[in-house]
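Hello,

Here is the structure I promised to pass on to you. Please open it alongside this message, and my notes follow underneath.

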Amino acid sequence: MSESQKSDMQVVFMTGTFSREPRMSYTSSNRCFCKIGIGSTRYFDIDGETRSETLFLDGVLWDEQAEFTGKNLRKGDRVFIEASLSSEVWPTLDEGKAHSKLTLKIHRLIPIGWRGNPALDDIEL
């Protein structure tokens with residue numbers, strides 16, 4: 001592989017809250033996957049006034065993490081995520097334009113303040 005063909009690093013670390021119930025399913029080859037929605041809010045000051053901005057992203061987990069998430073976590077649960085970004089593009093029905101969105105390909109998901117792990121209750125990230 002030449003120097004110009006090497007991949008850049010794409011790693012996302014974030015905390016957020018499940019914005020909907022996780023949807024666990026299986027592929028035709030019986031591989032578990034789980035689709036989730038995450039909302040992540042940042043707070044900032046403008047002229048002494050605190051404001052917020054929430055980013056909503058879809059994500060997918062696979063195998064053991066998918067099964068754990070689908071069986072144990074719920075809408076409103078806070079998590080720490082390590083992921084890479086994937087872009088989905090599809091055509092519209094009008095004028096040949098395309099829609100696109102970024103999706104999280106989740107490599108690691110850690111519950112924060114989860115009722116099943118009291119040791120994580122006080123983690124500040």
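Below is what I found, going from the overall layout to the strands and then to the aromatic side chains.

**The overall layout**

Please keep in mind that this is a predicted model. The chain has 1 helix and 6 strands, and from the N terminus on the order is β-β-β-β-α-β-β. Of the 125 residues in the chain, 30% are buried. The chain exposes about 8,900 Å², and carbon and sulfur atoms supply 49% of that area. If you take the contacts with a separation of 6 or more, 57% of them come from residues 24 or more positions apart.

**How the strands pair**

A good place to begin is strand E3, which covers residues 32–46. On one side of the sequence, strand E2 (residues 23–26) pairs with E3 in the antiparallel sense, over 4 bridges. Within that pairing, Tyr26 has Cys32 as its bridge partner in E3. The two strands form a hairpin with 5 residues between them. In its turn, Asn30 has a positive phi of about 70°, so you may like to look at that backbone when you have the model open.

E3 also pairs with E4, again in the antiparallel sense, and here there are 14 bridges. Gly37 has its bridge partner in E4, namely Asp58. E3 and E4 form a hairpin too, with 2 residues between them. The turn holds Asp47, whose phi is positive at about 50°.

E4 then has a parallel partner: strand E6 (residues 98–112) pairs with E4 over 3 bridges. In this pairing Val60 stands opposite Lys105 of E6.

**The aromatic pairs**

How many aromatic pairs does a search of the whole structure find? The search gives 2. One of them is formed by Phe13 and Phe80, which are stacked, with 6.2 Å centre to centre and 20° between the planes. Phe13 lies in strand E1 and Phe80 in strand E5 (residues 78–91), so this pair ties together parts that are 67 residues apart in sequence. Are these two rings buried or exposed? Phe13 counts as exposed because its relative accessibility is 55%, whereas Phe80, at 18%, counts as buried.

The rings of Phe33 and Trp62 also pair: their centres are 5.4 Å apart and their planes stand at 40°, so this pair is tilted. Phe33 belongs to E3 and Trp62 to E4 (residues 49–62), so the pair ties together parts that are 29 residues apart in sequence. Phe33 counts as buried because its relative accessibility is 17%. Trp62 has 33% and therefore counts as partly exposed.

**A nonpolar patch on the surface**

Phe13 turns up once more here. Together with Met9 and Val11, Phe13 forms a nonpolar patch on the surface, and the three residues have about 360 Å² of accessible area together. Val11 is found in the segment before strand E1 (12–18). With a relative accessibility of 37%, Val11 counts as partly exposed.

If you would like a route through the model, you could start at the turn with Asn30, go on to the turn with Asp47, and end at the stacked rings of Phe13 and Phe80.

Happy browsing, and best wishes

How values were computed
Residues are numbered from 1 along each chain as its sequence is written. This is a predicted model: local features need pLDDT of at least 70, side-chain atom pairs count only at pLDDT 80 or more; totals for chains, interfaces and linings use all residues. Side-chain values use heavy atoms; hydrogens and water are left out. Two strands pair if DSSP finds at least two bridges between them. Buried means under 20% relative accessible area, exposed over 50%, partly exposed in between (1.4 Å probe, protein chains only). Contact means heavy atoms within 4.5 Å. Accessible areas come from the Shrake-Rupley method with a 1.4 Å probe; for residues, only the protein chains shown count as cover. Patches are made of residues with over 30% relative accessible area and no salt bridge: like charges are joined within 9 Å, nonpolar side chains (Val, Leu, Ile, Met, Phe, Trp, Tyr) within 5 Å. A salt bridge is a side-chain nitrogen of Lys or Arg within 4 Å of a carboxyl oxygen of Asp or Glu. Rings of Phe, Tyr and Trp (its six-membered ring) pair if their centres lie within 6.5 Å; planes under 30 degrees apart count as stacked, over 60 as edge-to-face and the rest as tilted.
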